Amino acid sequence: MSNSIIVNYLLIIQDDKENIRKVIKIKEISFDKFTLSETNEWLWIFEDTQEFCPFELWEFMNQLKVNDGLIFNHIIYKVIEVFKMSTLRYS
């Protein structure tokens, strides 16, 4: 089985202490060469830790714009930049 990842969006968020985090939306694609089947799914992860963002925020994050607010782990973040990225592939 081989995997590749396509990066789609990058959100840069900032808390009230001016700490910045980057959140990326990726499409993970897996191909099984024995069954010739491909599966894929979209995921939101923190770029620095590679941890998943809270699943319940994913739909909301798809709609975020600059200056919107985002709350998780009892911390309020402000969206300071949104980038639609050109396709980057990782294997």
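Helices and strands here are DSSP runs, helices of at least four residues and strands of at least two, numbered from the N terminus. The model is predicted.

**Figure 1. Overall fold of the protein chain, which has 1 helix and 5 strands.** Along the sequence the elements come in the order β-β-β-α-β-β. The protein chain has 91 residues, and 33% of them count as buried. Its accessible surface is about 6500 Å², with 52% of that belonging to carbon and sulfur atoms. Of the contacts between residues at least 6 apart in sequence, 44% join residues at least 24 apart.

**Figure 2. Aromatic pair of F46 and F72.** The whole structure contains 4 aromatic pairs. In one of them, the ring centres of F46 and F72 are 5.5 Å apart and the planes meet at 45 degrees; planes from 30 to 60 degrees apart count as tilted, so this pair is tilted. The pair bridges distant parts of the chain, since F46 belongs to strand β3 (residues 37-46) and F72 to strand β4 (residues 69-72), 26 residues apart. Both F46 and F72 are buried. Ring pairs also bring in Y77, giving a cluster of F46, F72 and Y77.

**Figure 3. Aromatic pair of F52 and W58.** This pair is tilted as well, with 6.4 Å from centre to centre and 45 degrees between the planes. The two partners differ in exposure. F52 has a relative accessibility of 54% and therefore counts as exposed, the limit being over 50%. W58 has a relative accessibility of 14% and therefore counts as buried, the limit being under 20%.

**Figure 4. Surroundings of R21 in strand β2 (residues 20-32).** The charged end of R21 sits over the ring of F46, at 3.8 Å from the ring centre. The side chain of R21 also makes a polar contact of 3.3 Å with the side chain of D48. When neighbours within four places in sequence are set aside, R21 is in contact with L11, I12, I13, F46, D48, T49 and Y77. F46 and Y77, both on that list, are members of the ring cluster that includes F72.

**Figure 5. Charged end of K25 over the ring of W42.** The charged end of K25 is 5.2 Å from the centre of the W42 ring and sits over that ring.

**Figure 6. Surroundings of K78 in strand β5 (residues 75-90).** K78 has a relative accessible area of 42%, which lies between the limits of 20% and 50%, so K78 is partly exposed. Setting aside neighbours within four places in sequence, the residues in contact with K78 are I12, I13, Q14, N67 and D68. K78 and D68 are 10 residues apart along the chain, and their C-alpha atoms are 5.8 Å apart.

**Figure 7. Loop residues L36 and H74, each with a positive phi.** L36 is in the loop between β2 and β3. The phi of L36 is near 55 degrees, a positive value in a residue other than glycine. With a relative accessibility of 64%, L36 counts as exposed. H74 is in the loop between β4 and β5. The phi of H74 is near 60 degrees, again positive in a residue other than glycine. With a relative accessibility of 84%, H74 counts as exposed.

Key: Residues numbered from 1 in each chain as written. Predicted model: local features only at pLDDT ≥ 70, side-chain atom pairs only at ≥ 80, totals over all residues. Heavy atoms only, no water. Buried < 20%, exposed > 50% of the residue type's maximum accessible area, 1.4 Å probe, protein only. Contact = heavy atoms within 4.5 Å. Areas by Shrake-Rupley, 256 points an atom, 1.4 Å probe, with all protein chains shown as cover. Phe/Tyr/Trp six-rings, centres within 6.5 Å; stacked < 30°, edge-to-face > 60°. Lys NZ or Arg CZ within 6 Å of the ring centre and 35° of its normal. Polar contact = N/O pair within 3.5 Å; in protein donor to acceptor, adjacent residues only side chain to side chain.
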